[in-house]
Structures are given as structure tokens and as C-alpha cells.
Amino acid sequence: MNSEQVRDKFKGNPKLKRLVDWLIMNQVETRPRWYIRFLAPLYQHRGKHSVIHRSVRMDTPPYRQFRLGDYSVVESFACINNAVGDVIIGNYTRVGLHNTIIGPVTIGNHVNLAQGITVTALNHNFEDTNKRIDEQGVSTTPVTIGDDVWIGANAVILPGVHIGQHCVVAAGAVVTKDVPDHSLVAGVPAKIIKQI
């Protein structure tokens with residue numbers, strides 16, 4: 001039975017799903033419980049010569065994928081969260097200091113993320129004015145970052161964005177729309193400044 005079949009079984013049994021979720025995730029801290037984090041090396045895929053610094057917050061429950069490619073680095077005080085979608089990071093990629101990555105996110109090879117970047121595929125639902133926002137759940141739209149991309153410090157990549165190959169995102173940019181290959185984008189919201 002593959003992981004999708006297991007997920008489908010849990011979706012069909014809400015009580016079992018809540019129980020398993022409670023056993024895996026701390027409901028107040030919204031992160032995996034200590035014994036799940038202790039087992040993380042058994043279910044996380046880390047490529048050869050990859051490095052995850054000790055201060056990184058790895059919110060990676062086993063029911064979603066986390067993959068870090070060969071020779072890739074996740075620097076200090078970053079937060080990786082795959083609770084609502086897989087996080088796949090390619091080879092020779094560097095996730096900088098204080099980055100936050102919330103899946104589903106796919107990051108290519110030879111990507112450099114500077115400091116303080118947020119890459120999130122998650123949004124909180126808020127349309128029903130008769131309910132509090134925290135009662136309305138979340139939605140996700142996958143984010144994809146192509147190969148050979150440099151993202152400057154404090155940039156924000158929002159849900160549903162696809163960044164093409166050989167792109168540069170300027171420091172402080174807020175990327176709300178797709179970025180075509182060989183583009184330099186900057187601003188809030190980010191706009192194409194020039195083709196590279």
C-alpha cells in the first residue's frame with residue numbers, strides 16, 4: 001500500500017485521522033512531538049554530503065516527504081515545514097539563515113536562498129465572516145523554484161508561484177505571480193525588471 005492509499009484511508013475515517021494527527025503533532029505548538037522528531041532520520045531523505053544545521057526547526061512529520069539533495073545545506077535558524085505538503089530541495093542548493101519554507105514546495109538544483117526568505121504554499125482561509133479565521137482551515141497551492149535561481153534577502157514567495165530557471169529575485173521582493181525563465185524581478189509586488 002503506497003502513501004496516497006494510506007492518506008485516502010485516513011480521509012475516510014475522521015476519528016482515526018484525528019487520533020493519528022494527535023499522536024504525531026503537538027496541537028498547541030503545531031509541530032511534531034519530540035518522539036517523532038527523534039525518529040526523523042529514519043524517514044527524512046538527506047542526500048550525500050548534505051548538511052542541516054542543528055538549530056534548524058524541522059517540522060517534518062512522516063506523512064509527507066522531506067528530501068534534501070546531494071551537497072545541499074540548510075543554514076542555522078531556518079524552519080522547514082512539510083505538515084501540509086512535501087518539501088523537495090534539489091542538489092547543490094543553499095537555504096539561508098532564518099529562511100522559512102512551508103510546503104508543498106519544490107526547489108531545484110543550484111539554488112541560493114539568501115537570509116530571511118519566506119517561501120510558503122500555505123494560506124489561511126478567511127472568506128466566511130461568520131467564523132473566526134482560525135476555524136476556517138488552510139489551503140495550499142504548490143510553489144516551484146527552478147534550477148539556477150538566486151533569491152535575495154528578505155524576499156517573500158507566495159502560494160502558487162512558479163519561478164523559472166536562471167532567475168534572480170531582488171532583496172525584499174514579494175513574488176505574487178509566476179516568473180519566466182531568465183528574468184530579474186524586484187519590488188512589491190515583484191515585477192520583471194529585465195531579462196537575463
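Let's start at a turn: in the hairpin of β23 and β24, four residues sit between the strands, and G187 takes a positive phi near 105°. Everything here comes from a predicted model, so keep that in mind as we go.

**The hairpin and S183**

The two strands of that hairpin, β23 (residues 183-186) and β24 (residues 191-195), run antiparallel and are joined by four bridges. At one of the pairings, A186 stands opposite K191 in β24.

S183 also belongs to β23. Is S183 buried or exposed? With a relative accessibility of 0%, S183 counts as buried, because the cut-off for buried is under 20%. A polar atom of the S183 side chain lies 2.8 Å from the backbone oxygen of P180. Setting aside neighbours within four places in sequence, S183 is in contact with H166, C167 and V168, and also with I192, K194, Q195 and I196.

**Two parallel sheets**

Now for the sheets. Strands of a sheet pair through backbone hydrogen bonds, and they can do so in a parallel or an antiparallel way. One open sheet here has six strands, ordered β3-β6-β9-β12-β17-β20, with parallel pairing. Which strands stand at its edges? They are β3 (45-46) and β20 (162-163); each has a single partner strand, so one side of each is left without a neighbour in the sheet. At the β3 end, β3 and β6 pair in the parallel sense over two bridges, and R46 stands opposite L68 in β6.

Another open sheet of six strands follows the order β5-β8-β11-β14-β19-β22, again with parallel pairing. Its edge strands are β5 and β22 (174-175), each pairing on one side only. Within this sheet, β14 (residues 118-120) and β19 (residues 156-157) pair in the parallel sense over two bridges, with V119 opposite I157 in β19.

Here are three of the residue pairs that face each other across strands:

| Residue | Opposite residue | Strand of the opposite residue |
|---|---|---|
| A186 | K191 | β24 |
| R46 | L68 | β6 |
| V119 | I157 | β19 |

**T106, partly out in the open**

T106 is found in strand β12. At 37% relative accessibility, T106 counts as partly exposed, because that class runs between the 20% limit for buried and the 50% limit for exposed. Leaving aside neighbours within four places in sequence, T106 is in contact with I88, V143, T144 and I145. T106 and R67 are 39 residues apart in sequence, while their C-alpha atoms are 9.5 Å apart in space.

**The nonpolar core**

The largest nonpolar core holds 35 residues, and those touching the most other members are I101, V119, I145, I151, I157, I163 and V169. Strands β6 (66-68), β9 (87-89), β12 (105-107) and β17 (143-145) each supply at least two residues of this core. What does I163 touch beyond four places in sequence? The list is T144, I145, G146, V149, I151, I157, V169 and V179.

**A pocket to look at**

Rolling a probe the size of a water molecule over the atoms shows where empty space is left. The second largest pocket has a volume of about 200 Å³. Its lining is made of 15 residues, with R37, Q44, R46, V56 and M58 nearest its centre. The elements giving two or more residues to that lining are β2 (31-32), α4 (40-43) and β5 (57-59). Of these, α4 makes the largest contribution, at three residues.

Methods: Residues are numbered from 1 along each chain as its sequence is written. This is a predicted model: local features need pLDDT of at least 70, side-chain atom pairs count only at pLDDT 80 or more; totals for chains, interfaces and linings use all residues. Side-chain values use heavy atoms; hydrogens and water are left out. A nonpolar core is a set of buried Ala, Val, Leu, Ile, Met, Phe, Trp, Tyr and Cys residues joined through side-chain atoms within 4.5 Å. Buried means under 20% relative accessible area, exposed over 50%, partly exposed in between (1.4 Å probe, protein chains only). Contact means heavy atoms within 4.5 Å. Two strands pair if DSSP finds at least two bridges between them. A polar contact is a pair of N or O atoms within 3.5 Å; within protein, one must be able to donate a hydrogen and the other to accept it, and residues adjacent in sequence count only if both atoms are side-chain atoms. On a 1 Å grid over the protein atoms alone, a cavity is a set of points where a 1.4 Å probe fits but cannot get out, and a pocket is an open set with protein on both sides within 12 Å along at least five of seven lines; lining residues have an atom within 4 Å of a point. Grid points are joined across faces, edges and corners, and a volume is the space filled by probe spheres set on the points.
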